[in-house]
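Student: I have a model open on my screen and would like to understand the labels people attach to it. Could we go through the reasoning together?
Tutor: Happily; let us bring it up first.

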Amino acid sequence: MPKITIDEKDYEVADGLMILQAIDDLGLLMSGVDIPHYCWHPKLPIDGSCRMCQIEIEGVPKLQIACNTPVKDGMVISTQSERVQTARQGVLELLLLNHPLDCPICDQAGECKLQDYSFDFGMPAGRTKEPRRVAKKAVDLGPTITFDQERCILCRRCVRFCREVPGTGELGVFNRGERSLMELFPGTQLDNDYSMNVADLCPVGALTTKDFRFKIRSWFLDDVETVCDRCSTGCNVYASRSNNKIYRFVPRLNDDVNDTWMCDHGRLSYKMGRENRLESALVGGKPASFIEGLRKASDLVRAASESGGTIVASASPFSSNEDLFTLRKLLETLGAPPATFSVPAGKADGILTQAEKAPNAEGARALGFQESDELAGAKLGIVFGHVLPATALTQVEKWILIDTHASDLSGKAAVVLPSRVVTEKDGSFTNHAKRVQRFRRVVEPSWEAWSEGALLQQIADFAGLDGWSEPWDAFAVSKRLCDEVPAFSGCGLTELGFCGCELSK
Amino acid sequence: MITEPLVKNYLTEHYGDDSFRTLKGYEAKNGFDGLRKAVSMEPEEVVEMVKSSGLRGRGGAGFNAGLKWSFMPKGNERTKVLVVNGDESEPGSFKDRLIMERGPFQVIEGVLIGAWATGASKSFIYIRGEYAYAISVMEKAVEQARAGGFLGKNILGKKGFDHDIVVHSGAGAYICGEETGLLESLGGKKGQPRIKPPFPAQHGAFGLPTTVNNIETFSHTSFILSRGLEWFQGFGTEKSPGTTMFGVSGHVERPGLFELEMGTPLKDVIAQAGGVRGGRALKAVIPGGISMPVLPASQIDVRMAEEFLSERGSHLGTGGVMVMDDTTCMVRVAVVASYFFRDESCGQCTQCREGTGWINKICDRIEHGRGMPQDLELLSDVPKLLEGQTICAFADAAAWPVQGLMRHFRSEFEQHIEQKKCPFPDSFEI
């Protein structure tokens, strides 16, 4: 392992890497070692054109770019020397020659690299007297992205992304010299399933998503680490929230799952929590108070269990490991057979999205649930919503539905209890590669709704079942899950960290 | 049409002779002797010979040609490629054009020597698109060479010595004369220099190991082989042996090409071109194409070789000598030069993309009487931001002329700003 010295501190770095990558791998880039950069991105091919990451290496006459200079043992690097600072200032001054100073109306303000680096490394005042470049404003690149050509600093991250990741290559830099402009290739639209990633990649406010544009200033947002539930990949995301409202999902780095990308469908799924929600319990298809619903549900459970009638359950691959484990425990208490579940199927795209369009089918499998699209005949069914069609329930006399959204099942169930979507609760999912990943509560629903596990516990408690009086808590359940199911050992909510853990074999 | 240089030496000896452009005529003038000599030697010996001859690349950078050949990987696991840089686009430079038009077989012979030495099996002659005539001459020559058995399999009866040449037309971008910009363009991509590493010897044209040399550089190699080191080193200086073609343009009586020894005094070069037009006073000379810093009249007692010119803060470049008499407005020179670089920057690197335009705008403002005193500070600062900080040397080439002009003719910039107009009414038009 080569040893290098940066600003008089010694580091041991992996062999065969470029300096910037090596620093980033140590987790020190811009948080310990200040090497500003625009065109470089850890997941994209090196471009080496912004020249922002220039550093001074002892014994090398010219400044070198950290993004394309291989690490050598014994290298002595300065990131703060006067030459480096002058060069950085120069790059920033030149970038600002043609960049509009419209930060007050720019969506990127507050999370803009040009703004940040200008504050950190730039000149106190510009020296240009020339009029700035005039280019296209508010260009419609496709269904998801709006482009401000004047703000573009031509780092070409978006160009490389479209070429490398979705492989669609809609974007290019046209003309040359100071007439260079990033544009769509003639006759194309930026309309691929990953198009919105270019807005994350854009270091300035040139590429913005139509969805987030003008909604809120970035400094009002705080980010919560969570996981997308639109397929079994479980892309790691930040949910940006303000005032108990989610404004966007942005992908979060996880090399084992999604690098730093996510699909547009998943990104926009933060809206799922807002639309068409079940906001009250239903008894016999009619709105009822939450307590009424709970009483009715517990009466049904008690009656079925006392009369010795069979109880069956259909779980949902959208439920967390903890919720599913609670269901498993309840069925054991009731002496009922293990739950079944059904997974909505779609297409895998070979990039990130999987054919299983639910986040936790592996979790259900790991807990011993069987896949089935039907429910065996029984006196009472406990059904988690989202997946099963009403036709699958013809053999069940009565059923309790636990669901987040209104559907054609809601009217037919004996009782419906409202539950929480992924962004409203804590828990974990097990993705297609058997990686258990934690999601966090980002917002609270403004009506009474609980996670499936918490609802089951309350039903059981109301029904007077033994051992169910303790209020449900995802962390406590997670601990029991890890203790009782060997596959989950080491995969407790408090142990999963930022990037998750793999299920034990 | 120019058919021969105004002063000739070994390289251009037969350039007036039309038959020299045919395979027969070329062979009649001892053509391919150099190649025959080369194949009688081991490839490593040829590389060593060219290296020790001290032949410097004639494309502008002046790097030892044989040393460059030695960077090519050994062994035959990967197809190796030679690229001949005929994209001559430096303003003030027009020598390669004549070599291609009048001595195409010299180029081919040089390429074949390089191919033998480096093990390359394919080469591409990349010619500036505007040189339509040179392209057609080279194409015909390549056809004849192929028909005559100098291209193809087992050349000169040497088993395994296979080579073929493709003539490729550029599309008119200065930056495609830059080694890696040329390779990108050759591969069908936008002509933009590549970041290094990897270097062309590892990852060049189409990702194959590649050596790029200038047209003139290749043309000299046959003489080194056929006539020997001692003979070759009898020309020029110790560090820059051989002759080169100086293209003299501007305010001289007899502009044109002159094949002179390296190290010829600049005064003699100008004298060969008939001196300054109309007996006027000399003001300045750009010694090696527009991108090289200017020399004022007081400093032209210099010999034309890199080692002497760099002492004066300039470079030999491509040997394009641009002479300016006392009517010349040096701010206009700055405007013209900076306009060229503003127009030709590929636009990848921030400094070059934004800086070339800024420099041009400042120069233009000064020339048109709208300069401000702080512009002088900008003109000394901004080129520094470009110099040595980009992927390729283009930004240096854009910075140097303005730096040179500011160094030697700062007073003219000041005059423009004070008088709010150009004080040289008789200067060339822009």
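Student: What makes the meeting of the side chains of A:Arg176 and B:Glu344 a salt bridge?
Tutor: Keep in mind that this is a predicted model. The N to O distance between the side chains of A:Arg176 and B:Glu344 is 3.0 Å. The rule asks for a side-chain nitrogen of Lys or Arg within 4 Å of a carboxyl oxygen of Asp or Glu, so the pair qualifies.

Student: How many salt bridges does the rule find across the interface of chain B and chain A?
Tutor: Seven. In addition, 22 residue pairs, both at pLDDT 80 or more, are in polar contact between chain B and chain A. On the side of chain B that touches chain A, helix 13 (330-344), helix 14 (350-367) and helix 15 (374-386) each give two or more residues. Helix 14 of chain B supplies the largest share, ten residues. By type, that side of chain B divides into eleven nonpolar, 13 polar and twelve charged residues.

Student: How many residues does each chain bring to the contact?
Tutor: Chain B brings 36 residues and chain A brings 36 residues. Together the two chains bury about 2900 Å², with 48% of that on carbon and sulfur atoms. B:Arg353, B:Glu354 and B:Trp358 lose the most area in chain B to chain A, together 21% of what that side buries.

Student: Why is B:His408 called partly exposed?
Tutor: Its relative accessibility is 22%. Buried would need a value under 20% and exposed one over 50%, so B:His408 falls in between and counts as partly exposed.

Student: Where does B:His408 lie, and which residues is B:His408 in contact with, leaving aside neighbours within four places in sequence?
Tutor: B:His408 lies in helix 16 of chain B, residues 394-419. Its contacts beyond those neighbours are B:Val294, B:Pro296 and B:Gln299. As for B:Glu45, 363 residues apart from B:His408 along the chain, the C-alpha atoms of the two are separated by 47 Å.

Student: What share of the residues in chain A is buried?
Tutor: Of the 505 residues in chain A, 57% are buried. Chain A has eleven helices and 24 strands, and its C-alpha atoms fill a box of roughly 90 × 50 × 35 Å along the principal axes. Among contacts in chain A with a separation of 6 or more, 61% come from residues 24 or more positions apart.

Technical notes: Residues numbered from 1 in each chain as written. Chains lettered and ligands numbered in written order. Predicted model: local features only at pLDDT ≥ 70, side-chain atom pairs only at ≥ 80, totals over all residues. Heavy atoms only, no water. Contact = heavy atoms within 4.5 Å. Buried area = accessible area lost by both parts, 1.4 Å probe. Polar contact = N/O pair within 3.5 Å; in protein donor to acceptor, adjacent residues only side chain to side chain. Nonpolar A, V, L, I, M, F, W, Y, C, P; charged D, E, K, R; others polar. Buried < 20%, exposed > 50% of the residue type's maximum accessible area, 1.4 Å probe, protein only.
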